[in-house]
Amino acid sequence: MALSNGASELKAGPSTQAAAGAKLSALFAGTLGPLIGLVLLCLALSLTTDTFLTVRNILNVLDQVTVLGIMAIGMTLVILIGGIDLSVGSVLALAAMVMGFVAHPDHLNLGMPAGIVTALVVAGLCGLVSGLLVTVTKLPPFIATLAMMSVARGLANMITDGSQIIGFPDWFTSLSIIRHFGFLSVTVGLMIVLAIIFAIFLNYRATGRSLYAIGGSAEVARLSGIPVKSLTNWVYAICGVLAGLAGIVLAARLDSVQPSSGFGYELDTIAAVVIGGASLSGGVGSIGGTAIGVLIIGVLRNGLNLLGVSPFIQQVVIGVVIALAVATDTWRRRAQ
């Protein structure tokens, strides 16, 4: 009996290790190409600039991608189910304005905790409405979130009649300034923790795996017993909450909020997810890939700034990178 048990353990050992390795690789599925691209980009910038590989600049890149990274996590979930959310930039602005209006002494003056909670609730409701427009009224996600983009931006301007709100408590702004352990601010740490949580959720929880099934075929997923409409609503709501959280992080960085915040962020967010290997058709993508996509955009912008490249040319370069990423996705699907 002891020999039998020992033999079974020896057999189970390699299979268990293989299963663990498979799950670990799933966290970064389809990211080899983007990862190679990121390494080559860093190598090129390190050879053409003297300051790129300095610790100070690397930390600066992490600070700069925090807002984009948080938003991209939510966009990953939406794209996984075959959707799209064009409203995240406007929801970011609305949440930031709500927080400022509720918390600032010149307005309701209810304190920062109340402002933050209210902002997240409003952002989540915006996402939920987008989800309901998709699942109940059967609007295409593009149209539903385009409508929410306009509504949220209008509401953000209505709150203070287009004026910005300046000045928040020192403890709030220090969340993005003070580096704990010499390198990690609270806002960057928040992004990292969220990425880990959602990566585990997508790969180790049945609900997370269901999102891939919905993206593969919503009808097949429904026939398999997956609550497609309910999960779709939740995904859009979570995307909204994360956009609102990104707005709060941006407010901490700038020590101000304004209705024009987040303009164009939805395009960078979608680009980061697609560059990271996700498919706009749904069913393909990972948080690890999105993290690499976010870093590629952040490193590219940072490097172009260090090289003194015009912001207008930077827009062209980013556009070309997005086009190449989408084209690569199309070629990959055709090959499969």
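Reader: Which residues form a nonpolar patch on the surface?

Author: Val117, Val121, Leu125, Leu128, Leu132 and Val136 do, with about 510 Å² of accessible area together. Patch members have over 30% relative accessible area and no salt bridge, and nonpolar side chains (Val, Leu, Ile, Met, Phe, Trp, Tyr) are joined within 5 Å. A salt bridge is a side-chain nitrogen of Lys or Arg within 4 Å of a carboxyl oxygen of Asp or Glu. Areas are Shrake-Rupley values with a 1.4 Å probe, and for residues only the protein chains shown count as cover.

Reader: Any caveats on the model?

Author: This is a predicted model: local features need pLDDT of at least 70 and side-chain atom pairs count only at pLDDT 80 or more, while totals for chains, interfaces and linings use all residues. Residues are numbered from 1 along each chain as its sequence is written, and side-chain values use heavy atoms, with hydrogens and water left out.

Reader: OK, where is Val121, and why does it count as partly exposed?

Author: Val121 is in helix H5, residues 112-135. Its relative accessibility is 47%, so it counts as partly exposed; buried means under 20%, exposed over 50%, and partly exposed lies in between (1.4 Å probe, protein chains only).

Reader: How many helices and strands does the protein have?

Author: 14 helices and two strands. These are DSSP runs numbered from the N terminus: helices are H or I with at least four residues, strands are E with at least two.

Reader: Switching to the inside: how many residues are in the largest nonpolar core?

Author: 88, with Ile70, Met99, Phe172 and Val257 having the most contacts inside it. Helix H11 (residues 228-254) gives the largest share of this core, 14 residues. A core here is a set of buried Ala, Val, Leu, Ile, Met, Phe, Trp, Tyr and Cys residues joined through side-chain atoms within 4.5 Å.

Reader: So is H11 largely enclosed or open?

Author: Largely enclosed by the rest of the structure, because 20 of its 27 residues are buried. Its end C-alpha atoms are 39 Å apart, which agrees with the 39 Å expected at 1.5 Å a residue; that span is 1.5 Å times one less than the number of residues. Right after H11 comes Asp255, with a positive phi near 60°.

Reader: And what does Ser163 touch?

Author: Met97 and Pro259, not counting residues up to four places away in sequence; contact means heavy atoms within 4.5 Å. Ser163 is in the loop between helix H6 (141-159) and strand E1 (165-166).

How values were computed: Patch = residues over 30% accessible without salt bridge, like charges linked within 9 Å, V, L, I, M, F, W, Y side chains within 5 Å.
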